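This report goes through a protein model, taking its core, ligand shell, a helix pair and a single side position in turn.

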Amino acid sequence: MNTNFSPNMIKTYQSCPRKYYFQYVENINVPKSLLPFEKGKKIHALANYYLQKIKIDRIETALTPQEREIWELLKANPFYNMDYLKSEFTLNISLTSHPTLSHTAYSLTQLVPRWFELVSQKGRGKNSYWLGGRLDAIVHQNDDYYILDYKTGSIPKNPEFDPQTMIYLLCANRYLKDYHSLSFVYIDLKNKQNYVVQFNEQLKEQYEKELINICSVICTDTVYHGNTASCRYCEYNKHCIL
Ligand code: SF4
């Protein structure tokens with residue numbers, strides 16, 4: 001059973017469990033148009049070179065006027081101009097669900113053996129999930145850190161609880177350890193605005209709970225229901241019999 005998850009895997013499952021099954025369980029590859037991603041890919045590559053102080057003059061001259069406009073917007077963004085820490089790198093985190101005692105009332109004599117049972121389950125690594133992904137960049141201003149995500153398309157509908165936001169913030173929190181503040185910034189290049197999610201202890205707890213929940217749902221799913229509301233633009237619609 002797979003227990004490694006990326007934000008895309010979780011988003012795919014949330015949009016349609018059956019699509020998740022085709023893509024990540026059966027590993028069926030269906031050709032899809034890469035055109036919508038081309039612009040984003042170019043901007044991401046350029047942004048990474050620029051942050052790493054690699055000469056980009058020649059690449060810049062090859063941009064289309066529309067790409068040039070997006071690139072200039074990113075270069076002028078105040079978050080993008082903060083001090084550079086790292087870009088285009090992968091972070092992972094392991095989350096373990098602990099069966100809790102809270103759902104059942106135990107007498108004192110029952111409690112001790114139950115506690116040993118839970119500890120030994122944890123020791124066997126039951127219900128552990130690895131989550132991770134590739135971050136566009138982390139920048140900072142003194143001890144205030146910002147995970148940047150450049151979006152040439154739309155930002156998520158519910159940015160605070162998007163799998164990407166939750167996973168990257170938990171990963172960066174573990175990676176940085178010592179900081180004053182940590183935020184996730186969607187740089188929305190389409191609508192020329194920034195959307196900032198500031199991390200805190202309450203969100204940390206909610207994110208861990210939410211991600212463990214969704215991972216355990218995925219891991220125990222044996223049916224993978226289809227979601228017909230997502231069929232219109234689905235690349236598996238020719239293979240999918242509902
Ligand atoms: S065609 Fe519809 S139901 Fe089938 S995998 Fe795609 S989104 Fe899901």
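## Core, ligand shell and helix contacts

The largest nonpolar core holds 45 residues, and the members that touch the most others are Leu74, Ile138, Ile147, Leu148, Leu169, Ala172 and Ile187. The model is a predicted one. For Ile138, leaving aside residues up to four places away in sequence, the contacts are Leu85, Lys86, Tyr145, Tyr146, Ile147 and Ala172. Ile147 and Ala172 are thus listed as contacts of Ile138 and also among the core members with the most contacts.

The ligand is surrounded by 14 residues, of which Cys16, Gly226, Cys231, Cys234 and Cys240 are the closest.

Helices α1 and α2 form a contact. Their axes cross at roughly 135° and come within 5 Å. The two helices are therefore oblique to each other. On the α1 side the contact involves Met9, Thr12, Tyr13 and Ser15, which meet Pro17, Lys19, Tyr20, Gln23 and Tyr24 of α2. By residue class, this contact and the ligand shell are made up as follows.

| Site | Nonpolar | Polar | Charged |
|---|---|---|---|
| Contact of α1 with α2 | five residues | three residues | one residue |
| Shell around the ligand | seven residues | five residues | two residues |

The last position is Gln66, in helix α5, which spans residues 65–75. Is Gln66 buried or exposed? Gln66 has 10 C-beta neighbours inside 10 Å, and a residue with 12 or fewer is classed as exposed, so Gln66 counts as exposed. Its C-alpha atom is separated by 9.2 Å from that of Lys39, and the two residues are 27 residues apart along the chain.

Key. Residues are numbered from 1 along each chain as its sequence is written. This is a predicted model: local features need pLDDT of at least 70, side-chain atom pairs count only at pLDDT 80 or more; totals for chains, interfaces and linings use all residues. A nonpolar core is a set of buried Ala, Val, Leu, Ile, Met, Phe, Trp, Tyr and Cys residues joined through C-beta atoms within 7 Å. A residue is buried if 20 or more other C-beta atoms lie within 10 Å of its own, exposed if 12 or fewer, and partly exposed in between; C-beta atoms are placed from the backbone. Two residues are in contact if their C-beta atoms, placed from the backbone, lie within 7 Å. A residue is near a molecule or strand if its C-beta atom, placed from the backbone, lies within 6 Å of it. Ala, Val, Leu, Ile, Met, Phe, Trp, Tyr, Cys and Pro count as nonpolar, Asp, Glu, Lys and Arg as charged, and the others, Gly among them, as polar. Axes are lines fitted to C-alpha atoms, for helices over the stretch in contact, and angles run from 0 to 180 degrees between N-to-C directions. Helices (H or I, at least four residues) and strands (E, at least two) are DSSP runs, numbered from the N terminus. Angles under 35 degrees count as roughly parallel, over 145 as roughly antiparallel, 65 to 115 as roughly perpendicular and the rest as oblique.
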